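Subject: Structure handover

Hello,

Here is the structure I promised to pass on. Please open it first, then read my notes below.

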Amino acid sequence: MSGILTKSINKKGTPAQQRYAFCENFGKTIFKPGMSLLDIGCGDGAFSHMFRKIGYSIETADIQDKAFPWKHQIINIDEQAPVGKFDVIIFTQILEHVENPEVAIENVLKCAKPSSIIVVSVPNF
């Protein structure tokens with residue numbers, strides 16, 4: 001896995017562009033047909049759309065209900081945490097916005113399969 005990180009992290013573009021490039025490379029590297037992905041804090045759906053194009057089955061969670069140009073499933077992770085459902089969970093730039101980070105992480109872990117990969121990032125203030 002360290003090859004993924006070294007290959008993906010570069011200093012070109014904005015921090016958001018760097019995260020996108022990392023996630024795209026990461027997503028392509030680990031993908032297997034039938035994998036499910038939960039994008040928490042999906043915002044405008046840029047990451048979700050990119051992962052969907054790779055082939056993942058996508059569900060999203062966000063406090064805002066945005067109009068996506070493609071069909072997807074929106075869940076409320078606090079109320080509907082689907083236990084053990086996802087192969088990959090993307091949880092980037094969200095933890096610093098939640099009232100109780102410990103509860104948020106517990107909810108994320110409930111959604112994960114035992115072999116899940118969870119990608120978490122927070123800003124470097």
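Contacts first. Take the contacts between residues at least 6 apart in sequence: 60% of them join residues at least 24 apart. Keep in mind that this is a predicted model.

Now the layout. The protein has five helices and five strands. Starting at the N terminus, their order is α-α-β-α-β-β-α-β-α-β. The chain has 125 residues, and 41% of them count as buried. The accessible surface is about 7600 Å². Carbon and sulfur atoms account for 55% of that surface.

I spent some time on helix α3, which spans residues 46-54. Which of its residues are buried? They are F47, S48, M50, F51 and I54. Viewed down the axis of α3, these buried residues fall within an arc of 165°, so they line one face of the helix. The general background is simple: an α-helix has 3.6 residues a turn, so residues three or four places apart point the same way.

What covers the buried residues of α3? The cover includes helix α2 (15-30) and the strands β1 (36-40), β2 (57-61) and β4 (86-92). Just after α3 comes G55, with a positive phi of about 135°.

Next, the nonpolar cores. The largest one holds 15 residues. Within this core, L37, F51, Y56, V88 and I90 touch the most other members. At least two residues of the core come from each of α2, α3 and β4. F51 thus turns up twice in these notes: it is among the buried residues of α3, and it is one of the core members just listed.

Y56 deserves a click. Leave out residues up to four places away in sequence, and Y56 touches G27, I30, F31, M35, L37, F51 and V88. Three of the names there, L37, F51 and V88, are also on the list of core members that touch the most others.

There is another core, apart from the largest one. It has twelve residues, including A61, F91, A104 and C111.

Last, the cysteines. How many disulfides are there? The count comes to zero, because no pair of cysteine sulfur atoms lies within the 2.5 Å cut-off. C23 is buried, at a relative accessible area of 2%. C111, the cysteine named in the twelve-residue core, is buried too, at 0%.

A good place to start looking is α3, with Y56 next.

Best wishes

How values were computed
Residues are numbered from 1 along each chain as its sequence is written. This is a predicted model: local features need pLDDT of at least 70, side-chain atom pairs count only at pLDDT 80 or more; totals for chains, interfaces and linings use all residues. Side-chain values use heavy atoms; hydrogens and water are left out. Helices (H or I, at least four residues) and strands (E, at least two) are DSSP runs, numbered from the N terminus. Buried means under 20% relative accessible area, exposed over 50%, partly exposed in between (1.4 Å probe, protein chains only). Contact means heavy atoms within 4.5 Å. Accessible areas come from the Shrake-Rupley method with a 1.4 Å probe; for residues, only the protein chains shown count as cover. The arc is that of the directions from the helix axis to the C-beta atoms. A nonpolar core is a set of buried Ala, Val, Leu, Ile, Met, Phe, Trp, Tyr and Cys residues joined through side-chain atoms within 4.5 Å.
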